[in-house]
Amino acid sequence: MKAKQHLEQSMQDEQIREALNKHWQASAAGDANAEHDIYDDDAICDYPQSGERILGRANLQALRSHHPGKPSGFNVRRILGKGDLWITEYTVTYQGRPAYTVSIMEFRNGKVLHETQYFADPFEAPVWRSQWVQRIA
């Protein structure tokens, strides 16, 4: 019984990972229809830094489709998850400036029910801690 449950969970995880890969590829390509296939009709997307909540897939797609500065770069760093909780770290570039982004997606029945996105601007590393760190790209 446990082996069957493990196999079913593994298959569901593979399906979600594939849906995420398609979602991020569509985002990078600017394909708004394919990008939003992953969302449930009643999905909620939160932007905590600006205090905004977008209700419903249609509103989310409309908002993103009307963004005045289309991204000029998009790079997924990693996707981690299992079951109904998945996290993607990526960089999106708007008007020559990268935004380091974390997307936390909660799934129900293979669709995103709730997403929270955090956006961070890059900053210069302080010299005082250079002896303890390694620089990464």
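In the predicted model, F74 is partly exposed, with a relative accessible area of 23%. This value lies above the 20% limit under which a residue counts as buried, so F74 falls in the intermediate class. The ring of F74 is paired with that of Y90, the centres being 5.0 Å apart and the planes at 25°. Because planes under 30 degrees apart count as stacked, the F74–Y90 pair is assigned to that class. F74 belongs to strand β3 and Y90 to strand β4, so the pair ties together parts that are 16 residues apart in sequence.

Y90 is buried, at 5% relative accessibility. A further aromatic pair joins Y90 to W24, with 4.5 Å centre to centre and 45° between the planes, and this pair is tilted. It links distant parts of the chain, as W24 is in helix α1 and Y90 in strand β4, 66 residues apart. W24 is likewise buried, with a relative accessible area of 4%. W24, F74 and Y90 together form one aromatic cluster. The structure has five aromatic pairs in total.

F74 is also in contact with S27, which, apart from neighbours within four places in sequence, touches E35 as well. S27 is placed in helix α1. Its relative accessibility is 11%, and S27 therefore counts as buried.

Nonpolar side chains tend to be buried together in soluble globular proteins. In this model the largest nonpolar core has 18 residues, and L20, Y39, M105 and F107 are those with the most contacts inside it. At least two residues of this core come from each of α1 (2–29), β1 (39–47), β4 (85–94) and β5 (97–108). The greatest contribution is that of β1, which gives four residues. For F107, the contacts beyond neighbours within four places in sequence are I16, L20, I38, D84, W86, V112 and L113. L20 thus appears both in the contact list of F107 and among the core residues with the most contacts.

Charged side chains were examined next. Seven salt bridges are found in the whole structure. In one of them, the side chains of R57 and D41 meet at 2.5 Å, N to O. This pair links distant parts of the chain, with R57 in helix α3 (residues 57–65) and D41 in strand β1, 16 residues apart. R57 is partly exposed, its relative accessible area being 25%.

A salt bridge is also formed by the side chains of E89 and R78, at 2.2 Å, N to O. E89 is located in strand β4 and R78 in strand β3 (residues 73–82), so this pair ties together parts that are 11 residues apart in sequence. Strands β3 and β4 are therefore linked by this salt bridge and by the stacked rings of F74 and Y90. E89 is partly exposed, with a relative accessible area of 23%. R78 counts as partly exposed at 45% relative accessibility.

In the salt bridge between R97 and D121, the closest N and O atoms are 3.7 Å apart. R97 lies in strand β5 and D121 in the segment after β6 (111–120), so parts that are 24 residues apart in sequence are tied together. Finally, E35, R64 and E115 are linked in a network of salt bridges. E35, one member of this network, is in contact with S27.

Key:
Residues are numbered from 1 along each chain as its sequence is written. This is a predicted model: local features need pLDDT of at least 70, side-chain atom pairs count only at pLDDT 80 or more; totals for chains, interfaces and linings use all residues. Side-chain values use heavy atoms; hydrogens and water are left out. A nonpolar core is a set of buried Ala, Val, Leu, Ile, Met, Phe, Trp, Tyr and Cys residues joined through side-chain atoms within 4.5 Å. Buried means under 20% relative accessible area, exposed over 50%, partly exposed in between (1.4 Å probe, protein chains only). Contact means heavy atoms within 4.5 Å. A salt bridge is a side-chain nitrogen of Lys or Arg within 4 Å of a carboxyl oxygen of Asp or Glu. Rings of Phe, Tyr and Trp (its six-membered ring) pair if their centres lie within 6.5 Å; planes under 30 degrees apart count as stacked, over 60 as edge-to-face and the rest as tilted.
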